[in-house]
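Hi everyone, thanks for making time. I'd like to walk you through a structure, so let me put it on the screen.

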Amino acid sequence: MEAPAVRLRGLRKSFGAAEAVAGIDLDVRDGEFFSLLGPSGSGKTTVLRLIAGFETPTAGGVELAGRDVTGLAPFERDVHTVFQDYALFPHLTVERNVAYSLKVRKVPKAERLDRARRALAEVGLDGFATRRPGQLSGGQRQRVALARALVGRPRLLLLDEPLGALDLKLRERMQGELKALQREVGITFVLVTHDQQEALTMSDRIAVLNRGRLEQAGTPAEIYERPATAFVASFVGAANLLDDALARRLLGTPGTHSLRPEKIRVLKESAAGAPGHATATGTVADVVYLGDATRFLVDLDGGGRLTALQQNLDTSAADVAGCRGARVRLAWNHRHTVHVPPPT
């Protein structure tokens, strides 16, 4: 059986009394696009730096392709890291920025420039070799950083929020391009991000971190549709968390449950429920028009509040404004409620 590209076992990292990484076990498969997702302070960047060798674990170990690299320096690992600020040399041309790591490794000049040009072609920058970083847009600089990382063909590419400095439209475009590039070159990518949509869009699998601990690892669909904890349910997308009392009343089931807003249908109060569906009546406390969808906040008759999200297939902003204060029935399929441990 082939060894995973990355294997973390009992990984811990403390900075004084603060534990940034609190005992993580995790495997990243060879050739997959893997994301470390979590809020600020969750430990995701520290995990990335431990994999790269920029930090030394307090306990536990790091294996790359079956080789224990825990005690090795960054340059002794077959890894390249792309940082958010790109770290390009402003005085060098694009071509020489890309070729720099090959120069350090004493690759002959003709070969390194040829490899640099081919790497630039891979990221769509074949005509930019003689420019300098200051002459490029943010998206172009990001591609140069990627070309520089790819030119040495590392087994593992680590990306520390590489799209964070880009505007929304460019970031969305680069997400697709980065995923397509990863498929093309076949290198294992590990991405650090706090952006849930980015992780869901780009990843084969995701690890959700919180306060230095691994909450859940799985495919985007598993993470979103079957969250393992209340934190995952509320952090990855939006979720209604039904506490024990509300779950008993609405579902007839004890415990805390997660219910995604888009799974709830907003009906007229007089509408009948369908087989296999739970229903609850209430009053619309507020509505938020989002363009493609409307968010309804509904105060339930028996107490509690649910948020529902409905696509605006035939609805305008004017229609939505009249919904505030309306009586409605909410309905959802029982299979869309997921039992989770209560929030800690």
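**Rings, a strand residue and two pockets**

Let's start with a charge and a ring: the charged end of Arg-260 sits over the ring of Tyr-224, with 4.0 Å between that end and the ring centre. Before I go on, please keep in mind that this is a predicted model. There is another arrangement of this kind, where the charged end of Lys-13 sits over the ring of Phe-15, at 5.2 Å from the ring's centre.

Now, rings with rings. How many aromatic pairs does the structure hold? The count is 4. Let me pick out one of them, Phe-54 with Phe-83: the ring centres are 6.1 Å apart and the planes meet at 35 degrees, so this pair is tilted. Where do the two residues lie? Phe-54 is in the loop between α1 (44–52) and β4 (59–64), while Phe-83 is in the loop between β6 (79–82) and α2 (94–104), so the pair ties together parts 29 residues apart in sequence. As for solvent, Phe-54 is partly exposed at 35% relative accessible area, and Phe-83 is partly exposed too, with 28% relative accessibility.

Next, a residue in a strand. Ala-217 belongs to β10, which covers residues 213–218. With 35% relative accessibility, Ala-217 counts as partly exposed. Which residues does Ala-217 contact, once neighbours within four places in sequence are set aside? They are Leu-26, Ile-206, Ala-207 and Ile-223. If you like sequence-distant pairs, look at Ala-217 and Phe-34: they are 183 residues apart in sequence, yet their C-alpha atoms are 9.9 Å apart in space.

On to the pockets, which I suspect some of you were waiting for. The largest pocket has a volume of about 610 Å³. Its lining is made of 22 residues, and those nearest the centre are Phe-75, Val-79, His-80, Thr-81 and Ser-101. At least two lining residues come from each of β6, α2 and α4 (138–150). By class, this lining has 13 nonpolar, 4 polar and 5 charged residues.

The second largest pocket holds about 290 Å³ of space. Here 13 residues form the lining, with Tyr-224, Gly-237, Ala-238, Arg-295 and Leu-309 nearest the centre. So we meet Tyr-224 again, the ring under the charged end of Arg-260. Which element gives the most to this lining? That is α6, with 3 residues, and β16 (305–311) supplies at least two. The classes here are 7 nonpolar, 4 polar and 2 charged.

That's my tour; I'm happy to take questions.

Technical notes: Residues are numbered from 1 along each chain as its sequence is written. This is a predicted model: local features need pLDDT of at least 70, side-chain atom pairs count only at pLDDT 80 or more; totals for chains, interfaces and linings use all residues. Side-chain values use heavy atoms; hydrogens and water are left out. Rings of Phe, Tyr and Trp (its six-membered ring) pair if their centres lie within 6.5 Å; planes under 30 degrees apart count as stacked, over 60 as edge-to-face and the rest as tilted. Helices (H or I, at least four residues) and strands (E, at least two) are DSSP runs, numbered from the N terminus. Buried means under 20% relative accessible area, exposed over 50%, partly exposed in between (1.4 Å probe, protein chains only). A charge sits over a ring if NZ of Lys or CZ of Arg is within 6 Å of the ring centre and within 35 degrees of the ring normal. Contact means heavy atoms within 4.5 Å. On a 1 Å grid over the protein atoms alone, a cavity is a set of points where a 1.4 Å probe fits but cannot get out, and a pocket is an open set with protein on both sides within 12 Å along at least five of seven lines; lining residues have an atom within 4 Å of a point. Grid points are joined across faces, edges and corners, and a volume is the space filled by probe spheres set on the points. Ala, Val, Leu, Ile, Met, Phe, Trp, Tyr, Cys and Pro count as nonpolar, Asp, Glu, Lys and Arg as charged, and the others, Gly among them, as polar.
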